[in-house]
Amino acid sequence: MGLQIKSLFKSYGARENKVTVLNNIDLNVEQGEMCVLIGPSGSGKSTLLNIIGGIDVADSGEVSINGQKIENMNEKSLTTYRRKHLGYVFQMYNLIPNLNLKENIEVGSYLSKDPLEYEELVELLGLKEHQYKMPNQLSGGQQQRTAIGRAIIKNPSILLCDEPTGALDYKTSKAILNLLEEVNIKYNTTIIIVTHNEAIKNMADRIVTLKDGKILKNYKNNKKISARDLEW
Ligand SMILES: Nc1ncnc2c1ncn2[C@@H]1O[C@H](COP(=O)(O)OP(=O)(O)OP(=O)(O)O)[C@@H](O)[C@H]1O
Ligand SMILES: [Mg+2]
């Protein structure tokens, strides 16, 4: 089970303007694996995440989650797939400004048949004392933790994080990574973290490097360390 990607191609533009952004990607990520995806700007990281997330469509190739191929799905089943299986966390938190923290997290649970318990989750997020604040009363790190809460309350099998610490300072970044690690362990969520930060790869079970739309390296990390021991 988990995530399987086979011979994936994606390009933008037509004829002489055509740019190949993903060039024959093969990747397997097991259920419950913490995967860190690194690569220079423009290497195709976000494009790959968007295709896994069903937000963008590949030109060819296969993406399956838990044995289900997403390219065979119609619009309706794709929507259900996103609701049931996927959580998405972006660099910018995208919280709804006129809902408080609790309501922002609960938005994620309305979409699920089998959501996590809010009370348990807000404890894990370390946000209980802030739960009635509005987004503009929260720090960047608190907003990102709220966004993570919104993404995981539906208990997705896979959580996609596109530079989740890109807008945060060192200490706050570590707290976010620590939280992602706790989610991974507690709920066996498959997590893919896209980052520019080389240090973050050390907390991964699997490290994948992308360059010019190709996988340069893909290996199991046998020197995995805890997020709290990361340094950069
Ligand atoms: N909608 C689009 N139309 C045309 N080109 C695009 C589009 N989206 C992405 N690209 C191009 O595809 C390439 C890969 O973009 P992508 O956003 O996947 O890179 P990235 O690895 O996430 O980079 P960064 O680290 O800067 O976020 C870039 O050259 C980008 O210009
Ligand atoms: Mg990107």
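1. A crossing of two helices is called right-handed if the near helix is turned clockwise from the far one by less than a right angle, and left-handed if the turn is anticlockwise. In this predicted model, the crossing of α5 and α6 is right-handed.

2. The geometry of this helix pair can be stated further. Helix α5 spans residues 140-152 and helix α6 spans residues 170-187; their axes come within 10 Å and cross at roughly 20°. Angles under 35 degrees count as roughly parallel, and α5 and α6 are therefore roughly parallel to each other.

3. The second topic is the site of ligand 1. Its surroundings consist of Y12, V21, P40, S41, G42, S43, G44, K45, S46, T47, E163 and H196. Sorted by class, this shell holds seven polar, three nonpolar and two charged residues. Among the secondary-structure elements, helix α1, residues 45-52, gives the most to the shell, with three residues.

4. Polar contacts to ligand 1 come from both backbone and side-chain atoms. On the backbone side, an N or O atom of G44 lies 3.0 Å from an oxygen atom of the ligand, and a backbone N or O atom of S43 lies 3.2 Å from a ligand oxygen atom. From a side chain, a polar atom of H196 lies 2.9 Å from an oxygen atom of ligand 1. As for burial of the ligand, its accessible area on its own is 640 Å², of which the protein covers 57%.

Notes:
Residues numbered from 1 in each chain as written. Chains lettered and ligands numbered in written order. Predicted model: local features only at pLDDT ≥ 70, side-chain atom pairs only at ≥ 80, totals over all residues. Heavy atoms only, no water. Near = heavy atom within 4 Å. Polar contact = N/O pair within 3.5 Å; in protein donor to acceptor, adjacent residues only side chain to side chain. Areas by Shrake-Rupley, 256 points an atom, 1.4 Å probe, with all protein chains shown as cover. Helix = DSSP H or I, 4+ residues; strand = E, 2+ residues; numbered from the N terminus. Nonpolar A, V, L, I, M, F, W, Y, C, P; charged D, E, K, R; others polar. Axes fitted to C-alpha atoms, helices over the stretch in contact; angles between N-to-C directions. Parallel < 35°, antiparallel > 145°, perpendicular 65-115°, else oblique.
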